[in-house]
Amino acid sequence: MKLLAVLTLAACFAILPSCVTAKEVWKKGDNVAAFFVCREEKDIMAIALADSKSKQNFTSLLIEKQLTKSCFPLRPPLMFVVDEIIGSYKDYKGIETTILKIISPKNNLLVGYIVAAGIPYKGI
């Protein structure tokens, strides 16, 4: 029964956007609402790679990362602050996606890493 719940949750993550805030350009200091966070940069990088290849790879890895507690869902989504732009890529649907390091808006402590639809701010 627990596995069914995890599989259903993972399917929802695969369908929904990476973050609640549908913003096109990301830069340090932006607010972002997230519902799935990874503790380590290596974990979000693995998810980004899977997301760039196929929906099946992405969904399978989301399940694995949750089961190993490397990444965790947030229900309801919470607001964070972008601390750093790690990189960007196109997901399996061809959507520009950015990898973000996020911090708590209350104490500026590291929360983790997320992927969010959009591109990094390049500056002038």
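**Group meeting: strands, a ring pair and a surface patch**

Hi everyone, let's start with a single bridge: valine 37 has phenylalanine 72 as its bridge partner in S3. Keep in mind that this is a predicted model.

That bridge leads us to the strands themselves. Strand S2, residues 31-38, pairs with strand S3, residues 71-90, in the antiparallel sense, and seven bridges link them. S3 also pairs with strand S4, residues 96-103, again antiparallel, over eight bridges. If you want a spot to click on there, valine 81 stands opposite isoleucine 103 in S4. S3 and S4 form a hairpin with five residues between them, and in the turn glycine 94 has a positive phi of about 85 degrees.

Now, the aromatics. How many aromatic pairs does a search of the whole structure find? Just one. The partners are phenylalanine 58 and tyrosine 92, in a tilted arrangement, with 6.3 Å centre to centre and 45 degrees between the planes. Phenylalanine 58 sits in helix H3, residues 55-67, while tyrosine 92 is in the loop between S3 and S4, so the pair ties together parts 34 residues apart in sequence. Buried or exposed? Phenylalanine 58 counts as buried, because its relative accessibility is 7%, which falls under the 20% cut-off. Tyrosine 92, at 24%, counts as partly exposed.

Last stop, the surface. Val25, Ile119 and Tyr121 form a nonpolar patch there, and together they have about 250 Å² of accessible area. Tyrosine 121 belongs to the segment after strand S6, residues 119-120, and is partly exposed, with a relative accessible area of 46%.

Thanks, everyone!

Note on methods. Residues are numbered from 1 along each chain as its sequence is written. This is a predicted model: local features need pLDDT of at least 70, side-chain atom pairs count only at pLDDT 80 or more; totals for chains, interfaces and linings use all residues. Side-chain values use heavy atoms; hydrogens and water are left out. Patches are made of residues with over 30% relative accessible area and no salt bridge: like charges are joined within 9 Å, nonpolar side chains (Val, Leu, Ile, Met, Phe, Trp, Tyr) within 5 Å. Accessible areas come from the Shrake-Rupley method with a 1.4 Å probe; for residues, only the protein chains shown count as cover. A salt bridge is a side-chain nitrogen of Lys or Arg within 4 Å of a carboxyl oxygen of Asp or Glu. Helices (H or I, at least four residues) and strands (E, at least two) are DSSP runs, numbered from the N terminus. Buried means under 20% relative accessible area, exposed over 50%, partly exposed in between (1.4 Å probe, protein chains only). Two strands pair if DSSP finds at least two bridges between them. Rings of Phe, Tyr and Trp (its six-membered ring) pair if their centres lie within 6.5 Å; planes under 30 degrees apart count as stacked, over 60 as edge-to-face and the rest as tilted.
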